[in-house]
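Visitor: Before we talk about labels, could you put the model up so that we can ask what each of them rests on?

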Amino acid sequence: MLMRKNSSDHTLTRTEGLLKRYQGNPIITPKNMPGTTAIFNCGQTTMDDETILLLAVIPRDGVPAMHVARSKDGIEFEIEQKPFISQLQEGPWEEFDIWCIDPRITKIENTYYIVRPMEPPLGPIAALEKTNDFVTREFIECISLPCNRVPCLFPEKIDGKYYRLDRPFAPGGTEQGEIWLSSSPDLIHWGCHRRVQGSTMSNIWAKTKIGPTPPIKTEQGWLEIIHGVHTSCAGSRYSIGALLLDLDDPCKIVGSSKGWLLTPDTLYECTGNVPNVVFPCGAIADFEKDRLRVYYGAADTCIGLATGSISEIINDCLK
Ligand code: BMA
């Protein structure tokens, strides 16, 4: 049978999952920022009527930095040329703050908290910073030991305490990673560490490791967009999936997506600085439109946008 390729479908070989790629992908590439070699990935949030991306930018020469990009429609972004976050110059941090990527943004009340890794020799630690306007920012503290890439804060307190999802991992050839939970009275001192139950996925697409993004509150539970890694003789393959965590006891997984929601299958996801990578640092939910937007790093080189129905993703988790 002769199969005609749908002209609106950019996938090379696979059918799409519950997250569908925007037709104009990739939406931000190094060509949008002369002198750069990668727009590696991005944190994401909304402020007033704007979508804000925090782009991890790798210059052709020098140390990575994070730049703010703003958009009214979520598609066309204005990128600030001056970095918003660059290597910390104070305290013991300067020598470790050399790989400024993977930002996770959580809005708690009126403050945006940013967690991102710094890289001492033993492995990533987490820097906590805050901003109210994405113009000035304040470094708060280092909030984890190595190897933890990257803790993600919950957007509100549970039972009077702040919570976060941790991503400790075992470095080495067959690097393993899973999701843990911890809590804090003040966002600085963290303890009561618990392994999120069943967080090592049996699914093949996420068998090697999984990692979190800031959870989104829904009526059915905390919707948690994750990355999952599968390792084969061809190397690592990074896909995007979802978990649903219990609202009162987020250590309990109440559901997980039936397979990936998005897996690398376009030229810009399969070729680049690191091939076969779709990597989320967050997601933006619009409950009125039942729409989830995920701005993801593609092949550690450029930014793609994928969207899906929040209710379909939750139903898939609960199946
Ligand atoms: C992870 C993160 C991501 C990256 C991925 C693939 O450890 O650093 O930013 O996309 O590796 O290289």
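**What the labels rest on**

Guide: Aspartate 290 is partly exposed, with a relative accessible area of 29%, and this is a value computed from a predicted model.

Visitor: Why is aspartate 290 called partly exposed?

Guide: Buried means under 20% and exposed means over 50%; aspartate 290 has a relative accessible area of 29%, and therefore counts as partly exposed. The residue is placed in the loop between strand E22 (284-286) and strand E23 (291-298).

Visitor: What makes threonine 15 count as exposed?

Guide: The cut-off for exposed is over 50%, and threonine 15 has 66% relative accessibility, so the label exposed applies. Threonine 15 belongs to the segment before strand E1 (20-21), and its C-alpha atom is separated by 9.8 Å from that of leucine 262, although the two are 247 residues apart along the chain.

Visitor: And why does isoleucine 98 count as partly exposed?

Guide: Because its relative accessibility is 40%, which lies in between the limits of 20% and 50%, isoleucine 98 counts as partly exposed. Its place is in the loop between strand E5 (78-79) and strand E6 (104-108).

Visitor: What is noted about the phi of aspartate 290?

Guide: Most residues other than glycine have a negative phi. For aspartate 290 the angle is near 50°, a positive value in a residue other than glycine. Asparagine 276 also has a positive phi, near 65°, and lies in the loop between helix H1 (267-270) and strand E21 (278-280).

Visitor: Which omega goes with the cis peptide bond from asparagine 25 to proline 26?

Guide: That bond has omega near -10°, and proline 26 is in the loop between E1 and strand E2 (36-47). A cis peptide bond also joins arginine 149 and valine 150, with omega about -10°.

Visitor: How do you know that the side chain of aspartate 102 makes a polar contact with the ligand?

Guide: A polar contact is a pair of N or O atoms within 3.5 Å; a polar side-chain atom of aspartate 102 lies 2.5 Å from an oxygen atom of the ligand, so the pair qualifies. By the same limit, the side chains of asparagine 41, at 2.9 Å from a ligand oxygen, and of aspartate 300, at 2.5 Å from a ligand oxygen, qualify as well. The protein covers 86% of the 310 Å² of accessible area that the ligand has on its own.

Visitor: In which pocket does the ligand sit?

Guide: The ligand occupies the second largest pocket, and the shell around the ligand divides into six nonpolar residues, one polar and three charged.

Technical notes
Residues are numbered from 1 along each chain as its sequence is written. This is a predicted model: local features need pLDDT of at least 70, side-chain atom pairs count only at pLDDT 80 or more; totals for chains, interfaces and linings use all residues. Side-chain values use heavy atoms; hydrogens and water are left out. A polar contact is a pair of N or O atoms within 3.5 Å; within protein, one must be able to donate a hydrogen and the other to accept it, and residues adjacent in sequence count only if both atoms are side-chain atoms. Accessible areas come from the Shrake-Rupley method with a 1.4 Å probe; for residues, only the protein chains shown count as cover. On a 1 Å grid over the protein atoms alone, a cavity is a set of points where a 1.4 Å probe fits but cannot get out, and a pocket is an open set with protein on both sides within 12 Å along at least five of seven lines; lining residues have an atom within 4 Å of a point. A molecule sits in a cavity or pocket if more than half of its atoms lie within 2 Å of its grid points. Ala, Val, Leu, Ile, Met, Phe, Trp, Tyr, Cys and Pro count as nonpolar, Asp, Glu, Lys and Arg as charged, and the others, Gly among them, as polar. Helices (H or I, at least four residues) and strands (E, at least two) are DSSP runs, numbered from the N terminus. Buried means under 20% relative accessible area, exposed over 50%, partly exposed in between (1.4 Å probe, protein chains only).
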